[in-house]
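Please take a moment to bring up the sequence and the 3D view side by side. We will walk through the fold together, from the whole chain down to single residues.

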Amino acid sequence: MVALETPVCDFGKPAPDFSLLGVDGRTWTLADCMGEKGLLVMFICQHCPYVKAIHDRILRDTSELQALGIASVAVMSNDTEAYPEDSFANMQQAARLHDYPFPYLLDETQEVAKAYGAVCTPDFFGYNAGFELQYRGRLDASRRETAPADTIRELFEAMKTVAQTGHGPERQIASIGCSIKWKTN
């Protein structure tokens, strides 16, 4: 397992469009996912220990952001043949078991991850209502282990600012996680 850090935020970069199958059987586009004041695009999976460490916090923060007009969507881009724990059936099971408050989409071709420049799980991209990138940082100080309960909620606070002002914070700390599991053929 390779741990990677995300690049710094490229403020204003437009969100790449997509059309992906969700665990609900619906095909979702970028516009379908957008909230009134912005959108959080998350690249996650089931097997990654970094994602597992923050899973409950992702659910908490996305639910609270929804109330602020920031919608969320999760994309799974890993090679499911090499990593069967990340299969579509297991994605469906995870979404159902945890009652995901966001669409969970399969990027089978991995083209969406490449278009966004996603490098790891978790990888977070926060957009304002104009589909302009405003946040490319971590959820909080958690790594492979969950950080203490009183840890600053960096992603939540950043996206709250995006909801209020349309702009993300200048200071952002890169997310870290397992590399995207790219297909070899």
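Five helices and 10 strands make up the protein, and what you are looking at is a predicted model. To get a feel for its overall dimensions, picture a box of roughly 40 × 35 × 30 Å along the principal axes, which the C-alpha atoms fill. The radius of gyration is 15 Å, and a compact globule with 185 residues would have one near 16 Å, so the two values agree.

How much of the chain is buried? Of the 185 residues, 55% count as buried, where buried means under 20% relative accessible area. The surface that the protein exposes comes to about 8,600 Å², and carbon and sulfur atoms supply 50% of that area. The contacts tell you how the chain folds back on itself: among those with a separation of 6 or more, 79% are between residues 24 or more positions apart.

Now turn to the sheet that contains β1. Here three strands form an open sheet in the order β1-β10-β7, with antiparallel pairing. β1 (3-5) and β7 (120-121) stand at the edges and have a single partner strand each, so one side of each is left without a neighbour in the sheet. If you follow β1 along β10 (residues 176-179), you will find three bridges joining these antiparallel strands. A handy place to check the register is E5, which stands opposite I176 in β10. Lying across β1, β7 and β10 is helix α2 (residues 49-66), which runs at about 135° to β10.

A second set of pairings is centred on β2. Strand β2 (residues 19-22) is joined to strand β3 (residues 27-29) by three bridges, and the two run antiparallel. In this pairing, S19 stands opposite T29 in β3. Together β2 and β3 form a hairpin with four residues between them, and G25 in the turn has a positive phi of about 85°. β2 also pairs with β6, again in the antiparallel sense, over two bridges. There, G22 stands opposite L105 in β6.

With the strands in place, let us look at some details of the backbone. As background, most residues other than glycine have a negative phi, and most peptide bonds are trans. Which residues are joined by a cis peptide bond? T121 and P122 are, with omega at about 0°. You can locate P122 in the loop between β7 and β8 (123-128), and residue 121 itself belongs to β7, one of the edge strands of the open sheet.

Two other residues are worth a look for their phi values. D99 has a phi near 50°, which is positive in a residue other than glycine. D99 lies in the loop between α3 (88-98) and β6 (104-106), and β6 is the strand that pairs with β2. Is D99 buried or exposed? Its relative accessibility is 63%, so D99 counts as exposed, the cut-off for exposed being over 50%.

F131 is the other case: its phi is positive, about 60°, although F131 is not a glycine. This residue sits in the loop between β8 and β9 (133-135). With a relative accessible area of 26%, F131 is partly exposed, because that class covers values between the buried and exposed cut-offs of 20% and 50%.

Definitions and conventions: Residues numbered from 1 in each chain as written. Predicted model: local features only at pLDDT ≥ 70, side-chain atom pairs only at ≥ 80, totals over all residues. Heavy atoms only, no water. Pairing = 2+ DSSP bridges. Contact = heavy atoms within 4.5 Å. Axes fitted to C-alpha atoms, helices over the stretch in contact; angles between N-to-C directions. Buried < 20%, exposed > 50% of the residue type's maximum accessible area, 1.4 Å probe, protein only. Rg over C-alpha atoms; globule rule 2.2 N^0.38 Å. Areas by Shrake-Rupley, 256 points an atom, 1.4 Å probe, with all protein chains shown as cover.
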